[in-house]
Structure formats: structure tokens, C-alpha cells
Amino acid sequence: MSENLVTVVSFSLFLFIVFLGLFGEFLAPYDPLATAASNTLRPPSWTHPFGTDNLGRDVLSRVIVATRLDLSIALSAVALSFVIGSALGSVAGFWGGWWDRIIGRFSDTIMAFPLFVLAMGIVAALGNTVENIVYATAIINLPFYIRVSRAETSVRREAGYVAAARLCGISEIRILATQVFPNTLPPMMVQISLNMGWAILNAAGLSFIGLGVRAPDAEWGIMVAEGATYIVSGEWWLALFPGAALMIAVFCFNLLGDGLRDLVDPQRRT
Amino acid sequence: MLQAVPSIFGVIVISFVLTRALPGDPAVYFAGAMADKESIEQVRQALGLDRSWVEQFFIYVGNLAQGDWGQSLKTGQPVTEELLKRLPASLELTFIGLGLAVLAAVPLGILAATNPGSWVDHICRLLVTAGVSLPTFFTGLFLIYIFYYLLGWSPSPLGRLNILYLSPSHVTGFYIIDSLIAGDLEIFLGALAQLILPTITLGLFALAPIARMTRGAMLGALSSDYVRTARANGLSKSMILLTYAFRNASLPVLTTLGMVFSFLLGANVLVEKVFSWPGIGSFAIEALIASDYAAVQGFVLSMALLFITVNLTIDVILAITDPRVGLEE
């Protein structure tokens, strides 16, 4: 299979996921919160393609509606770590010296923790809310952004166009912001795409152990957790479909990231 | 040894900040929901919350050094005791999972690198891409569904040992070792049966990065000058592959193992929940839900220290394997 085809497929899948995230509530065939006591734990059928859960809610509708929450948690976390991480990383890479040492030490310290465990600790300290899941996921992703941004900035610090800008008398901060930073963006985009999948997995993992998202809300991680109890008695559809949705979303972002990396950096092709 | 000191210091600072970042009055949190004014005041004194930040930090470090990591609200026992009691269960899971992953991933990576473009290579690439996308808790649940519910091969996924058996007398805390020491084969097999599914779940999770690294490192080593020279000198295939190429390729793989271990410690929490495994992960989840802060912080801190220890061990092994890596650096 050609590499381009994989990228095209993953990109279409990406558009589909975003589409579900934006318009999920209109596409869902049933109300994701509507319970039906007479219609509980039904296996997949024509009326309920993904079956119904222990409260008679339609699993398909819940999986569709959950897309928005999962995507927005991951997207806000990734956006936060991108903004803070690239600011810290480019300062460290551009000025070096003490900035570099302090920022490097900070990012090493985060990396000294098992990251998922650190996220649990942060959520415990800040409080058990969806917002804090976002902050925790953003913090544990920071080192990756700092690292990429620092490396990309420091190789461009002495580039010809930077020297030219200096000769024109442009201030250092403006050189960093207008000349160097835009050039570090392509590798950062690759990092974002690879990181999105991981952020989704991480947030779903946290809600699987009961943090953040609360019970009636539809979210893939908590849906798998709710379905887990029914696995041992054979009701597989409760956990399979949200789990598969999660897996496909992560898979899609990883493929997209690999494809983008090949475009941006052909030398590192795998 | 020395390079671990700043990491340990950083970890302690962050965990100190986390304990003090609690919204509201930390003393109220650490004393628990049932505490009255007097016990809150007591906790405030013990944590030194009435003093300056610097003093508080030194008190915190002093308490940690003396093994006083606070009391678990739920059980009333010291946190260190609770963690140490459950640590073997988690380590048994993590290490066997990592071992399985290495045993499967390293040969797979080598085979894929020696036959690029072959079906082994394609399987390797598929596993690597799919492996990083698999939510651990999801893999675990479906292994349970297939091997427990559908096929009935595996025992019920509830803990380390069937309730019919008594746990073996405590020597190391690892059931499969303790039962062998006690000479009880039945308990050994029972404990082993319980271990199979959770360790395979962890192994599948760890397999992808190790296989990817092995494949990449072996490809690099096989295209190097020294392998070409070895080939030109007519050395045997296995000699070139194992002694020349793999010994060099094992260095980046070993370095990756540190990172994989860190991710495994996180995945372990999820797997313990899925398999009702009575390890520190389950303990931490219960503590999180019950807002038992001292227990959660103790868990985070102990996992970070464990991770630093593992990284240090890997550095030492690297220095032994590779004469170019100096110990003094």
C-alpha cells in the first residue's frame, strides 16, 4: 500500500471524527441520556446497531456524542502545552545559558515521573474535574513540546536570515517571534498530531479510573469503565464500541502524524 | 549515582508543591472529612503549615527521610506501610509484563530488520502502529472476554489468587516465588494462571516501542562499516548478527526500556483496575476517589523514586555493556 494512500485514508478519517465532534448531537439517532427500563442490555440489532446499555440508553448515540468531549479535552490540553511549551522551548533554544538550564531542569523533572502517575497526582491535588484533567494532560505533555521547540530554535539561532534581521536592527524578541518561531512550526505540527492520540488515550485512561468526567455524561473512557462490569457476563457491546472508537481515533492521529512527519522531514522516514 | 540526585530533588520539590497546591487549607484536607478543630490543628502543627515555605519544605523532606509519609485516611495506617505491603503485587505484574514484551519484541525487531520488506517486517510495522494506539484497559477487557467468558481457559479475573487458596507465606511478596519456596506447586500454578492475562495485556502495550527501537537500531547496525567488514572477513551469519550487530543495537534498546518502564507504571494502574489486582495502583485509585491525599502523594512519590532507580540501573548496565559510556560522566 502506498504511503500516500495511508495518509489520505487517515486524513479522511480525521475529517470524519471532527465532523462527528461538531455535529454529533444532530447525527445521533437517540437521546444519549434517555433511559428505557424495558430495553436494557439488548445486543446489537437493527434498531440499536451498537446495542443498549444497563439503563437502556442507545450505545451508538452515546459513542457519537462522546466524540466532542473526548476531542475537546485532548485538543485543549494539546493547545495549552503547545503554547506554553513552544514559548519556553524557544526561549531556551534562542537565548541558551541560564534560561536553557532552568527550563531544561524543569522539563527533566517532569520526565522523572511516570507521566500517567503524575497526571493522577495533579488531578488529586487540583480537584477531580474535567478542567483539571485538561491541565494535568497539558503538564505531562509539556516536556515533549519544550524539547522539539528548543531543538528547532537552537539550530536556527545563527541562521543567515536571523543575522540579516539583526543587521536590520530588529530587536531580539521580534526576531524570535517573527523570524525563528514560524520556521519551527512544521516540526511542531508533527508533534501536535502525534501527541493528540496520546492525549486522548491519557484523558480516557484518567476517566476510566473514575477521574474527571461524571457518570451520566458520555465519554469513551468512562463508557468502557461502565461496560467493564458486564464483560464477565458476556455483554461485550457496552465496552467494545466506545473502546473501538477510542482506538480508531488514536490510530488515526498516529497515522496522520507519521504521514506529516514524512512530508516535513523526509530524512527520518521509517 | 550523582546524576540521580537532581532528579530526586526535583521529584521531591514537585511532590511538595502538589501537597501544598490543594485548594483551600491543606491541613483540612490532610486531616480528612471527619476531623474536628483539634485534629486539624494537630495536622497543621505536624505539617508545619504555620511556618514559612522554606521551613515547611525542610520539615517535609525530614519527614520523608524518616519514612513518615503521612497516614492513610481510609485505613489509618502509615502510607509507607500500605504501599510496601502492595508493592510486590504490582512489581510482579510490571516486571513479568516487561519481560514478556522484551522476549517477544526483540526477536521480532531483529527478524524484521534482517528481512526488510518481508511479511515479518510488515507484521512488525502493523504491531508497532496498532500497539501504540491500543488503550491498555481495553485490551485487558477483551482478553478477559475471549479467554475467560468465551473460551473459559482463564480463571476469573479477580486478584492474585483464587479465594480457595491461601496465599503463600510471605518471603519476597512475589506469589510465584514464595509458592516455590514453600514447595507448593498447586498455589504456584494458581498464581501463574492469574498472572497470564494481565501480564500479556501489559506486554502488548510495551511491545510496540521496544520492537520499533530494536528494528531501527538493528537496521542502523547492519548497514554500518563494521558489519560490512565482518562480512568481508567471512564471519558466520549468526556471529555477525548477534555479536556484532545486536551488541551495538542493544544500547538504544536499553535506553528505550527506561521510557517503556515509565509508561508501564502508568498502564499498570489501569490493568490493576481491570483485573482487580490488589497492588498499589488499585490502592491509589481507591485513595483518589476517597480524597485520601497523603496516600495519593505517597503513591506518586514512590513511583517516581522507583522510576529513577530503574533508570539508574539501566545507566549502570549501559556502562558495563558499552565501554564508551563512562561511569564518571
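Here a colleague asks a modeller about the calls made on this predicted model.

Colleague: What should I keep in mind about the numbering and the cut-offs?

Modeller: Residues are numbered from 1 along each chain as its sequence is written, and chains are lettered from A and ligands numbered from 1 in the order in which they are written. This is a predicted model, where local features need pLDDT of at least 70, side-chain atom pairs count only at pLDDT 80 or more, and totals for chains, interfaces and linings use all residues, while side-chain values use heavy atoms, with hydrogens and water left out.

Colleague: Why is Arg57(A) with Glu226(A) called a salt bridge?

Modeller: A salt bridge is a side-chain nitrogen of Lys or Arg within 4 Å of a carboxyl oxygen of Asp or Glu. For Arg57(A) and Glu226(A) the closest N and O atoms are 3.9 Å apart, so the pair fits the rule.

Colleague: And what makes that pair a link between distant parts of the chain?

Modeller: Arg57(A) sits in the loop between helix H1 (3-27) and H2 of chain A, and Glu226(A) in helix H8, 169 residues apart. Helices here are DSSP runs of H or I with at least four residues, numbered from the N terminus.

Colleague: Which of the two is buried, and which is partly exposed?

Modeller: Buried means under 20% relative accessible area, exposed over 50%, partly exposed in between, with a 1.4 Å probe and protein chains only. Arg57(A) has 5%, so that one is buried. Glu226(A) has 24%, so Glu226(A) is partly exposed.

Colleague: What other salt bridge does Glu226(A) make?

Modeller: One with Arg62(A), at 4.0 Å from N to O. That pair also links distant parts of the chain: Glu226(A) in helix H8 and Arg62(A) in helix H2 of chain A, 164 residues apart. Arg62(A) is at 1% relative accessibility, so it counts as buried.

Colleague: How do you know that Arg157(A) and Glu158(A) differ in class?

Modeller: Their side chains meet in a salt bridge at 3.9 Å, N to O. Arg157(A) is at 26% relative accessibility, so it counts as partly exposed. Glu158(A) is at 61%, so it counts as exposed. Elsewhere, salt bridges that share partners join Asp53(A), Arg57(A), Arg62(A) and Glu226(A) into one network. Over all chains the structure holds 12 salt bridges.

Colleague: How many salt bridges run between chain A and chain B?

Modeller: Zero. The rule finds one residue pair in polar contact across that interface, both at pLDDT 80 or more. A polar contact is a pair of N or O atoms within 3.5 Å; within protein, one must be able to donate a hydrogen and the other to accept it, and residues adjacent in sequence count only if both atoms are side-chain atoms.

Colleague: What makes up the side of chain A that touches chain B?

Modeller: By class, 32 nonpolar, nine polar and four charged residues. Ala, Val, Leu, Ile, Met, Phe, Trp, Tyr, Cys and Pro count as nonpolar, Asp, Glu, Lys and Arg as charged, and the others, Gly among them, as polar. The contact takes 45 residues from chain A and 48 residues from chain B, contact meaning heavy atoms within 4.5 Å. The two chains bury about 4000 Å² between them, 80% of it on carbon and sulfur atoms; buried area is the accessible area (1.4 Å probe) that two parts lose on being put together, summed over both.

Colleague: Why is Ile231(A) called buried?

Modeller: Its relative accessible area is 0%, so Ile231(A) is buried. Ile231(A) lies in helix H8 of chain A. Leaving aside neighbours within four places in sequence, its contacts include Trp236(A), Leu141(B), Phe142(B) and Tyr145(B).

Colleague: How do you know that Thr67(A) is buried, and what does its side chain reach?

Modeller: Thr67(A) has a relative accessible area of 2%, so it is buried. From helix H2 (residues 59-95) of chain A, its side chain reaches the backbone oxygen of Val63(A) at 3.4 Å and that of Ile64(A) at 2.7 Å.

Colleague: What is notable about the phi of Ser276(B)?

Modeller: Phi is near 45°, a positive value in a residue other than glycine. Ser276(B) lies in the loop between helix H11 (237-274) and helix H12 (280-289) of chain B. At a relative accessible area of 37%, Ser276(B) is partly exposed.

How values were computed:
Helices (H or I, at least four residues) and strands (E, at least two) are DSSP runs, numbered from the N terminus.
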